[in-house]
Each structure stands twice: as structure tokens, then as C-alpha cells.
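Trainee: Could you take one part of this model and go through it closely with me, from its own residues out to its neighbours?

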Amino acid sequence: MQSRKVYLDNSATTIVNAEVIKDMEAYFANIYGNASSIHSFGRQAKEALNNSREQIASLLNASVDEIFFTGCGTESDNIAIFGILNAHDFKGHIITTKIEHHAVLYSCQYLEKNGYNVTYLDVDKDGVISLEDFKRTVRDDTVLVSIMHANNEVGAIQPIEEIGAYLQTINESRNNKIYFHTDAVQTAGKVHLDVKALKVDLLAISGHKFYAPKGIGVLYVKKGTKIKPITFGGSQESELRPGTENIPYIVGITKAFEIANAYLEENNKRVLFLREELKEGVIKKIPEVIINGSGSKAVSSILNVSFKYIEGEALLVMLDMCGIAASTGSACAVGLGGSHVLQAMCVDPIAAQGTIRFSFGCYNTQNDVDYVLEHLPKIVEKLRLMSPMYKGKVLKQGF
């Protein structure tokens with residue numbers, strides 16, 4: 001039995017904050033009406049819905065009628081992408097990146113098979129696109145740009161403000177506007193999100209990445225954006241996302257977002273310190289590792305490390321036996337093969353097989369880092385001694 005448990009998979013999901021649970025409880029047991037009902041029970045729920053929309057709008061520097069509640073980040077991304085394209089009567093050009101979350105990447109691949117032309121931008125060794133490359137890609141028939149704010153595997157932050165400013169400038173002289181969508185799932189609660197400063201038309205976030213429950217997301221849609229629903233059946237969320245609103249979870253994501261923003265700088269400072277402690281410890285104690293991303297243009301919470309000559313899955317299993325939870329990358333991509341993100345970053349494919357993502361949260365401590373550094377080097381050494389790749393390297397070098 002492991003002596004303790006350490007959770008370093010916060011980019012996959014986070015624990016629900018106790019204050020969030022407390023705020024949600026009343027909307028399960030007491031204020032349980034349907035927000036679309038006109039009686040007092042419904043009016044109570046409607047008030048909570050309106051208050052939440054106002055708070056989220058304020059935190060994003062948006063207007064109340066620009067905020068829509070969804071079921072998750074993936075749904076928000078899909079409504080944004082397909083909603084924009086459904087509102088246009090031609091199959092225009094789409095620009096995205098090679099490192100998008102599969103919610104965007106698979107949507108674009110589907111569209112490509114159905115007559116749309118898609119450009120997938122390259123990234124540098126840190127996982128960041130070139131602004132100049134992006135500018136050269138824009139065409140007369142470009143209708144949508146979908147570029148994530150920060151990558152979920154390596155944390156690389158993209159130049160969203162600069163892209164938004166460029167699109168804003170060229171849209172002034174274009175007949176057909178280029179709409180700009182960003183998946184901000186990995187930055188919400190870690191970076192102050194100001195939709196006006198980012199100059200985006202659509203922005204998606206997901207509650208369970210910042211201590212709200214799973215199953216609730218938000219989509220920002222700038223006023224005047226030409227968009228159509230992709231599901232039908234009701235007038236909720238201005239008919240863009242029909243279906244009875246999940247009031248307890250809407251209250252939960254609102255409270256969680258409020259707390260995350262209030263303690264953002266404090267938590268980022270702590271998390272960055274812990275990430276750097278783990279990174280420095282790994283480099284010092286374990287030979288032949290590659291740090292992927294985690295530079296100045298990255299969120300503070302993610303450390304992505306490739307351990308040469310071993311398999312990441314085997315390393316995960318042995319870490320789990322010690323009570324340490326991490327991941328090989330996106331939880332949404334388990335079983336889908338090698339990382340498309342590391343491939344796009346030109347990480348050596350053999351080294352990439354031994355990649356682990358450690359992602360920190362506000363509840364992690366120095367003791368967690370010390371515990372990982374106590375067990376990780378031993379596990380890596382044990383796996384390498386069993387690895388044919390490592391044995392071949394040792395024999396080749398004559399050790």
C-alpha cells in the first residue's frame with residue numbers, strides 16, 4: 001500500500017471547491033424549480049441563472065447577453081465552430097493549429113472531409129505558433145480562425161491578443177468578416193480573461209478545470225456575431241443552446257470562477273514555484289530527460305517531461321502504485337496513440353513515448369513535490385533497466 005496520495009493531474013480535472021459545493025447544495029434541495037417556469041419556484045431558479053450570467057459576464061468583461069451556459073468545453077467549442085459555419089452559405093477557409101484539443105481538431109478534420117479547406121498552423125519547439133505564419137495564411141475566403149489560448153499538454157500560450165488585433169484591423173476592409181474563436185479551457189482560472197483585450201468573437205471555458213463540477217461550461221459570443229444553433233428543442237440560452245438550464249452547476253461554475261479570479265496571482269505564484277521545484281529536481285536526479293514547453297510563454301501549472309527509453313504508460317502505472325496521479329497527456333485522448341502535440345513540436349518520437357504531464361493545482365504542496373522526487377527517479381531507473389531501448393543504448397556505448 002502506498003504511504004500517501006499525490007494528485008498531479010489537475011489539467012484533466014480538479015477537485016470541487018468546498019465553497020462551491022456549499023453554494024450548489026440549495027439548488028438541489030430547496031431552489032429546484034425550472035428556470036423557464038413562471039411560478040415562484042421557477043422565478044427563484046431564474047434569478048440564480050440571471051445572477052450567474054451577470055457575474056460571469058463581469059469576470060470576462062463581457063455583456064450579459066454575450067454569455068451562454070453549456071455542458072462542457074467541448075460543447076462550447078462545437079457550438080462556436082459549427083454555429084459560425086452554419087450561419088454562412090459558403091464553405092470557406094478555416095485556420096487552426098496542429099496542437100488543438102481534439103474538440104477543435106476533430107471538428108476541423110470532419111469539416112475538411114465535408115468540403116471545407118483547413119490550414120493547420122505549425123508550432124515552434126515550445127509549442128507556440130508564429131504570428132507571421134498566421135498572417136500569411138489568411139485568405140479572401142477565410143471565415144473562421146480557431147486557436148487555443150493555452151495548450152492542454154504542454155501549457156504553451158498562443159499570441160491571442162496579437163491575432164485578435166490583426167483580424168480586427170483587416171476585418172475593417174473585408175466583405176466577409178473573419179470570426180475568431182479561442183478555446184480558453186486551460187487558461188480560465190489561471191489567467192485573467194478579458195474578451196475585449198483578447199479581441200475574440202467566441203471563447204470557451206469548462207468548469208471542472210478550476211474547481212467547479214464536471215458537466216458545465218461557458219461560451220462567450222460577441223454581440224453581433226453571425227451564429228446559428230447546432231441543436232434544437234427550446235428557447236433556453238436565446239435558442240443557441242436549448243435544454244433546461246443546469247442551475248446547481250451554473251451556480252457552481254460561477255462561484256468557482258469568482259474564487260479562481262480572486263486568488264489568481266497568489267495561486268499562480270505558488271503553483272509556478274512548485275512546478276519549477278519539480279522540474280529542477282527531475283533534471284538534477286534523472287539523466288536523459290526532455291522538458292517540453294513550460295517556458296515563459298506557458299501557463300504555470302503544467303510540466304511536460306519526456307523520459308528517454310521507457311514507455312509513459314508503464315511509468316504512469318508505477319507512479320500510481322506509489323499513490324502519484326499524473327497523465328501521459330490529454331485525458332480526452334487516452335488510447336488514441338502518440339501525442340499530436342509533441343509530434344507538432346518535433347519532439348523525438350521515441351522519447352515522446354516516455355512522456356508524462358504533471359499538472360499542479362492550488363491544493364498541491366512542497367511535500368507533494370518531495371514525495372514525487374523521492375519515488376520518480378527509482379521508478380525511471382527500474383523501467384530503464386527493463387527496457388530493450390535502454391539496454392541497446394548501453395551496449396552501443398560499451399558500458
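**A strand and its partners**

Mentor: In this predicted model, strand S7 pairs with strand S8 (residues 217-221) in the antiparallel sense, and 5 bridges join the two. Within that pairing, Ile 205 has Val 218 of S8 as its bridge partner. S7 also pairs with strand S6 (residues 179-183), but here the strands run parallel and are joined by 3 bridges; in this pairing, His 181 stands opposite Leu 202 of S7.

Turning from the backbone pairing to the side chains, S7 covers residues 202-206, and because 5 of its 5 residues are buried, the strand is largely enclosed by the rest of the structure. The burial applies to both faces: on one side lie Leu 202, Ala 204 and Ser 206, on the other Leu 203 and Ile 205, and all of them are buried.

Strand S6 leads on to another element, since S6 is among the elements that cover the buried residues of helix H4, a group that also includes helix H3 (73-86), strand S3 (93-97), strand S4 (117-121), strand S5 (142-146) and helix H11 (340-344). The residues of H4 that are buried are His 102, Ala 103, Val 104, Leu 105, Ser 107, Cys 108 and Leu 111. As for its length, H4 has 12 residues (residues 102-113), which at 1.5 Å a residue should span 16 Å, and this agrees with its end C-alpha atoms being 16 Å apart. After H4 comes Gly 115, with a positive phi near 100°.

Definitions and conventions
Residues are numbered from 1 along each chain as its sequence is written. This is a predicted model: local features need pLDDT of at least 70, side-chain atom pairs count only at pLDDT 80 or more; totals for chains, interfaces and linings use all residues. Side-chain values use heavy atoms; hydrogens and water are left out. Buried means under 20% relative accessible area, exposed over 50%, partly exposed in between (1.4 Å probe, protein chains only). Helices (H or I, at least four residues) and strands (E, at least two) are DSSP runs, numbered from the N terminus. Two strands pair if DSSP finds at least two bridges between them. The expected span of a helix is 1.5 Å times one less than its number of residues. Contact means heavy atoms within 4.5 Å.
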